[in-house]
Amino acid sequence: LRTTYLARVADAADAGMLEEVRLAALGKKGEISLKMRELGRMTPEERQTTGAALNRLKDEIDAALRAKKTALDDAALDERLRGEWLDVTLPGRPRPAGTIHPVSQVTEEVTAIFADMGFAVAEGPQVESDWFNFDALNIPPEHPARQEHDTFFMHRAEGDDRPPHVLRTHTSPVQIRAMQETGAPIRVIAPGRVYRMDMDQTHTPMFHQVEGLAIGRDISMANLKWTLEEFCRAFFELDEVELRFRASHFPFTEPSAEVDIRCSWEGGTLKLGQGDSWLEILGSGMVHPKVLQAGGIDPTKWQGFAFGMGIDRIAMLKYGIPDLRAFFESDLRWLRHYGFAA
Ligand code: PHE
């Protein structure tokens with residue numbers, strides 16, 4: 001028995017054959033198992049000698065099976081290692097990698113510049129209540145400014161008594177939310193998406209603005225001017241900037257100013273910083289007392305400035321991009337052309 005099984009173990013060429021040998025010898029109905037069962041019919045003396053012998057045989061075959069199994073596994077691994085070798089010196093195949101969208105890049109740049117000047121980031125919802133978007137900003141229901149905003153209104157089913165909502169037409173409602181949350185003093189910017197029904201080379205129905213708000217005991221237009229000049233110097237990477245504050249009107253600021261940056265057009269290309277032309281870049285002013293009140297701030301104790309700037313617009317100026325719509329078409333050729341994708 002011993003010689004037969006040890007020979008069969010030695011001859012097994014793979015794991016399957018080895019298993020057959022194991023079953024034939026040690027399986028439930030294996031030859032050795034059956035012999036073990038016969039022990040019951042023997043005399044105690046016979047049982048002692050035969051039982052011990054059978055146990056030894058069982059252990060021996062078992063050990064042989066294990067050793068053979070290890071040997072077979074090693075051989076299989078060696079075989080695989082010989083077959084599946086990998087040339088690690090082969091150069092990788094390049095795969096196209098995604099990049100950060102230019103608008104996100106510019107938003108990050110803008111945020112970093114204002115962070116250096118102590119401005120935190122505030123946020124608000126894009127579906128905004130009509131109160132935050134207009135009323136709180138001193139634009140009551142019949143105010144003509146409401147028409148100028150080309151507003152997208154959210155549909156309300158009959159019987160829906162929730163307050164009317166719009167897609168926010170500017171980031172200014174975040175001024176109110178930030179004031180209500182933090183109180184005075186406060187220094188925040190609020191970058192984000194805004195919506196107006198408009199579409200041409202320089203307008204898309206969705207675009208991006210960044211709002212600025214600084215409220216303190218004696219914050220003035222002079223602080224506004226310095227802040228915007230510093231921003232333009234850093235953002236447009238200019239040694240010299242000149243800004244022009246042009247009197248204007250916004251319901252939520254008094255006085256209000258539209259701000260132009262000095263520039264020139266050389267052979268059709270825009271050059272910022274010097275020249276004899278001006279280009280409008282943002283709207284600004286001193287926060288209207290009624291707006292402070294809507295934000296829960298006492299206008300007899302606090303004052304400050306606010307501004308609103310088109311992020312896509314300043315991105316177009318910085319990178320010399322003539323058509324705003326291209327920003328939102330995800331055309332890889334366009335993104336590559338302006339260095340926004342590899
Ligand atoms: N909210 C104004 C707009 O969208 C910009 C602005 C913001 C002007 C803050 C003044 C102060 O045109």
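**Exercise 1. Polar contacts of the ligand**

Find which side chains place an N or O atom at a short listed distance from a nitrogen atom of the ligand, beginning with His170.

Solution. In this predicted model, an N or O atom in the His170 side chain is 3.0 Å from a nitrogen atom of the ligand. Next take Ser172, whose side chain has an N or O atom 2.9 Å from a ligand nitrogen. Then turn to the oxygen atoms of the ligand: one of them lies 2.9 Å from a polar side-chain atom of Arg196. The cut-off for a polar contact is 3.5 Å between N or O atoms, so the pairs at 3.0 Å, 2.9 Å and 2.9 Å count. Finally, consider the area: the ligand alone exposes 320 Å², of which the protein buries 90%.

**Exercise 2. The shell around the ligand**

Describe the residues that surround the ligand, by number, class and strand.

Solution. Start with the count: 14 residues surround the ligand, and the closest are His170, Ser172, Arg196, Gln209 and Gly308. Sort the shell by class, which gives 8 polar, 4 nonpolar and 2 charged residues. Now assign strands. At least two shell residues come from each of strand S5 (206-216), strand S9 (277-287) and strand S10 (303-310). S10 contributes the most, with 3 residues. As for the site itself, the ligand takes up the space of the largest pocket.

**Exercise 3. Backbone exceptions**

Locate the cis peptide bonds at Pro185 and Pro255, and the positive phi at Asn138.

Solution. The background is that most peptide bonds are trans, and most residues other than glycine have a negative phi. First, the bond from Ala184 to Pro185 is cis, with omega near -5 degrees. Pro185 belongs to the loop between helix H8 (173-182) and strand S4 (186-195). Second, Glu254 and Pro255 are joined by a cis bond with omega about -5 degrees. Pro255 is placed in strand S7 (residues 253-266). Third, Asn138 has a positive phi, near 65 degrees. Asn138 lies in the loop between helix H6 (130-133) and helix H7 (145-148).

**Exercise 4. The annotated span**

State which residues the UniProt domain annotation covers, and give the helix and strand content of that span.

Solution. An unreviewed UniProt entry annotates residues 104-329 as "domain: Aminoacyl-transfer RNA synthetases class-II family profile". Residues 104-329 are 27% helix and 33% strand. The C-alpha atoms at the ends of this span are 15 Å apart.

How values were computed: Residues are numbered from 1 along each chain as its sequence is written. This is a predicted model: local features need pLDDT of at least 70, side-chain atom pairs count only at pLDDT 80 or more; totals for chains, interfaces and linings use all residues. Side-chain values use heavy atoms; hydrogens and water are left out. A residue is near a molecule or strand if one of its heavy atoms lies within 4 Å of it. A polar contact is a pair of N or O atoms within 3.5 Å; within protein, one must be able to donate a hydrogen and the other to accept it, and residues adjacent in sequence count only if both atoms are side-chain atoms. Accessible areas come from the Shrake-Rupley method with a 1.4 Å probe; for residues, only the protein chains shown count as cover. On a 1 Å grid over the protein atoms alone, a cavity is a set of points where a 1.4 Å probe fits but cannot get out, and a pocket is an open set with protein on both sides within 12 Å along at least five of seven lines; lining residues have an atom within 4 Å of a point. A molecule sits in a cavity or pocket if more than half of its atoms lie within 2 Å of its grid points. Helices (H or I, at least four residues) and strands (E, at least two) are DSSP runs, numbered from the N terminus. Ala, Val, Leu, Ile, Met, Phe, Trp, Tyr, Cys and Pro count as nonpolar, Asp, Glu, Lys and Arg as charged, and the others, Gly among them, as polar. UniProt positions are given in the numbering used here, feature names are shortened, and annotations may be inferred rather than shown by experiment.
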